[in-house]
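Please examine the fold shown below, beginning with its overall make-up and moving inward to its core and its ligand site.

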Amino acid sequence: MTDNLEKEMIKMKIVSLCHACEACPVVKLDGDRVEIGEKDNVCVLTRSGWETLKQKILNKEIEAEPIRELTTDNATELARKRYDRTAVVYDLCEAISERFGYGKWRELLWDKAEGIHILEVGVGTGKNFSYYPPDAVITAIDFSDRMLKRAKDRASKQKVKVRLQQMDVQNLEFEDNTFDTVVASLVFCSVPDPVRGLMEVKRVCKPGGKIVLLEHILSANPILGWLMNLVNPLAVRMRGANINRRTVENILRSRLRIEQVTDLFAGIFKLIEARKETLVPYKGLASQRR
Ligand SMILES: C[S@@+](CC[C@H](N)C(=O)[O-])C[C@H]1O[C@@H](n2cnc3c(N)ncnc32)[C@H](O)[C@@H]1O
């Protein structure tokens, strides 16, 4: 295989191999180690495994298609449509979890919010409305208009003051340094590029501001973790949420400072408190010598 062809294949979605990832599987060649996939969905092959795979693609035994158009935007569109589709049954599906866990966790989550100007990301059908701090000025966004429609109905029923806007967390339309706190519950499991979303959250949060997340993540238990990775593609198709995200690591990657991680259930559900660092002006060596 020529170098050019190999480079071309690096830009391919290998359809019949990598069912785990619906974003764009990218091939990374690193010595004898070859990684296919991105973010949380990476299959590792040996170099010889990769050579065999390439041959099968060339022989058309394995289906592969170019991924140039399969960017984060396409993955986002796919995820958004899933939530549009499931909006009608969302509350029903979550009813039991809500009664036996989420309800009290939401209370803990909103207890941690600080300041007046608060952004809720991925508001869904508005399940957090009952926990909003009474004096806060709250803006809530979601990329699914059907979820948002339900949130609007709930807001008017519950007489909750909230500015609801359709927006993608990966491309927030707010100015830098706008909010005192950004809150999200059960959202970063379905954001196609969670680090990009978290960087946006950081951008719109004021310096020294707080980020509070309630999230489910990949279990650290090797057997359970393996099972979660195995079942993940099904979970994504059925509910739109990945059950194997490494959200704590993603927060660190977005250069937010983690203040506290509270385990809520079996190491899978976590309450995560983070902060956007305040930049301290550099005083220079002269002042340090004194
Ligand atoms: C599992 S639901 C959680 C809803 C709500 N936060 C709750 O606790 O019930 C995930 C929500 O995040 C929204 N969401 C996912 N990815 C998003 C994105 N990139 N931008 C904005 N909203 C997103 C979905 O539309 C959905 O409403």
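The paragraphs that follow treat the chain as a whole, then the core, two helices and the ligand shell.

This is a predicted model, in which local features need pLDDT of at least 70 and side-chain atom pairs count only at pLDDT 80 or more, while totals for chains, interfaces and linings use all residues. Residues are numbered from 1 along each chain as its sequence is written.

The secondary structure of the protein chain comprises eight helices and 12 strands; these are DSSP runs numbered from the N terminus, helices being H or I of at least four residues and strands E of at least two. Of the 290 residues in the protein chain, 35% are buried. A residue is buried if 20 or more other C-beta atoms, placed from the backbone, lie within 10 Å of its own, exposed if 12 or fewer, and partly exposed in between. Two residues are in contact if their C-beta atoms, placed from the backbone, lie within 7 Å. Among contacts between residues at least 6 apart in sequence, 64% join residues at least 24 apart.

The largest nonpolar core (buried Ala, Val, Leu, Ile, Met, Phe, Trp, Tyr and Cys residues joined through C-beta atoms within 7 Å) has 47 residues, and Val121, Val182, Val201 and Ile211 have the most contacts inside it. Elements that give two or more residues to this core include H3, strand S6 (117–121), strand S9 (179–185) and helix H5 (194–204). H3 provides the largest share, nine residues. Leaving aside residues up to four places away in sequence, Val182 touches Leu119, Val121, Val201, Val204, Cys205 and Ile211.

In H5, the buried residues include Leu198, Val201 and Val204. The buried residues of H5 pack against S6, S9, S10 and helix H7 (247–253).

Helix H4 (residues 145–158) buries Met147, Leu148, Arg150 and Ala151. Seen down the axis of H4, its buried residues fall within an arc of 160°, taken from the directions from the helix axis to the C-beta atoms, so they line one face of the helix. The face turned away from the buried side of H4 carries the exposed residues Asp153, Ser156 and Lys157. Just after H4, Lys159 adopts a positive phi of about 55°.

Around the ligand lie 22 residues, the closest being Tyr83, Gly122, Gly124, Phe143 and Ser185; a residue is near if its C-beta atom, placed from the backbone, lies within 6 Å. Helix H3 (72–111) and strand S7 (137–142) are the elements that give two or more residues to this shell. H3 gives the most, with three residues.

Note on methods:
Expected span 1.5 Å × (residues − 1).
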